[in-house]
Amino acid sequence: FEDIGRSYADNVTYILDKNIPVLIYSGQDDLVIPTTGSREWVKHSSWSQILKFEAAPSHSIQDETGYVVGTRQSYFPLSFAMVYKAGHMVPQFQPNAAKIMLDMFINGTIYS
């Protein structure tokens, strides 16, 4: 449990500055790490392109029927997604939405 309470912000910044894609996601109903806290953590990142990320528009994440299951904001290589009706364990609460989000990240469509 040595990683509990340890910040990995510098590691994430380093990865982003190397243009390696990063997905940060949160469940809308997460009581352990609330979405607002995750958003603030991203907003206060020391990543060199954070202002461009913050200026990027948000888009919906939709399932195969067109139902909106969350939102996403991206500026390569960073993406932030919020999954609706999900708690701390997004894949447990919303497995289909989690798969859609990860598929978008893996195939790069999360940036379009």
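Met101 counts as buried, at 1% relative accessibility. In this predicted model, Met101 sits in helix α5, and α5 also supplies the largest share of the largest nonpolar core, six residues. Below is a quick tour: first the surroundings of Met101, then the two cores, helix α2, the surface, and a few backbone oddities.

**Around Met101**
- Leaving aside neighbours within four places in sequence, Met101 is in contact with Leu23, Tyr25, Ala81, Val83 and Ile110.
- Ala81 is 20 residues from Met101 along the chain, yet their C-alpha atoms are separated by 7.7 Å.
- Ala81 turns up again among the residues that Ile61 touches.

**The nonpolar cores**
- Which residues touch the most other members of the largest core? Among its 14 residues, those are Leu23, Ile61 and Val83.
- The elements giving two or more residues to this core are β4 and α5 (95-107), with six residues coming from α5.
- Ile61 has plenty of company: not counting residues up to four places away in sequence, Ile61 touches Tyr67, Val68, Val69, Gly70, Thr71, Arg72, Ala81, Ile100 and Met104.
- There's also a second, separate core of nine residues, and its members include Leu16, Val22, Val42 and Phe80.
- As background, nonpolar side chains tend to be buried together in soluble globular proteins.

**Helix α2**
- Helix α2 runs over residues 35-43, and its buried residues are Thr35, Ser38 and Val42.
- Down the axis of α2, these buried residues fall within an arc of 65 degrees, so they line one face of the helix.
- The general geometry is handy here: an α-helix has 3.6 residues a turn, so residues three or four places apart point the same way.
- What covers that buried set? The cover includes β1 (22-27), α3 (50-55) and β4 (78-83).
- Val42 does double duty, as a buried residue of α2 and as a member of the second core.

**Out at the surface**
- Tyr14, Ile15 and Ile20 make a nonpolar surface patch of about 290 Å².
- Within that patch, Ile15 belongs to helix α1 (residues 9-17) and is partly exposed, with a relative accessible area of 31%.
- Met89 is in the loop between β4 and α4 (90-93).
- Is Met89 buried or partly exposed? With a relative accessible area of 46%, Met89 is partly exposed, in contrast to Met101, which counts as buried.
- The C-alpha atoms of Met89 and Ser26 are separated by 8.7 Å, with the two positions 63 residues apart along the chain counted as their separation.

**Backbone oddities**
- Worth knowing before looking at the angles: most residues other than glycine have a negative phi, and most peptide bonds are trans.
- Phe76 and Pro77 are joined by a cis peptide bond, with omega about 10 degrees.
- Pro77 is in the loop between β3 (68-75) and β4.
- Asn19 has a positive phi, near 60 degrees, without being a glycine.
- The loop between α1 and β1 holds Asn19, which is partly exposed with a relative accessible area of 48%.
- Lys85 isn't a glycine either, and has a positive phi of about 55 degrees.
- Lys85 lies in the loop between β4 and α4 and is exposed, with a relative accessible area of 54%.

Conventions:
Residues numbered from 1 in each chain as written. Predicted model: local features only at pLDDT ≥ 70, side-chain atom pairs only at ≥ 80, totals over all residues. Heavy atoms only, no water. Buried < 20%, exposed > 50% of the residue type's maximum accessible area, 1.4 Å probe, protein only. Helix = DSSP H or I, 4+ residues; strand = E, 2+ residues; numbered from the N terminus. Arc of directions from axis to C-beta. Contact = heavy atoms within 4.5 Å. Core = buried A, V, L, I, M, F, W, Y, C linked by side-chain atoms within 4.5 Å. Patch = residues over 30% accessible without salt bridge, like charges linked within 9 Å, V, L, I, M, F, W, Y side chains within 5 Å. Areas by Shrake-Rupley, 256 points an atom, 1.4 Å probe, with all protein chains shown as cover. Salt bridge = Lys/Arg side-chain N within 4 Å of Asp/Glu carboxyl O.
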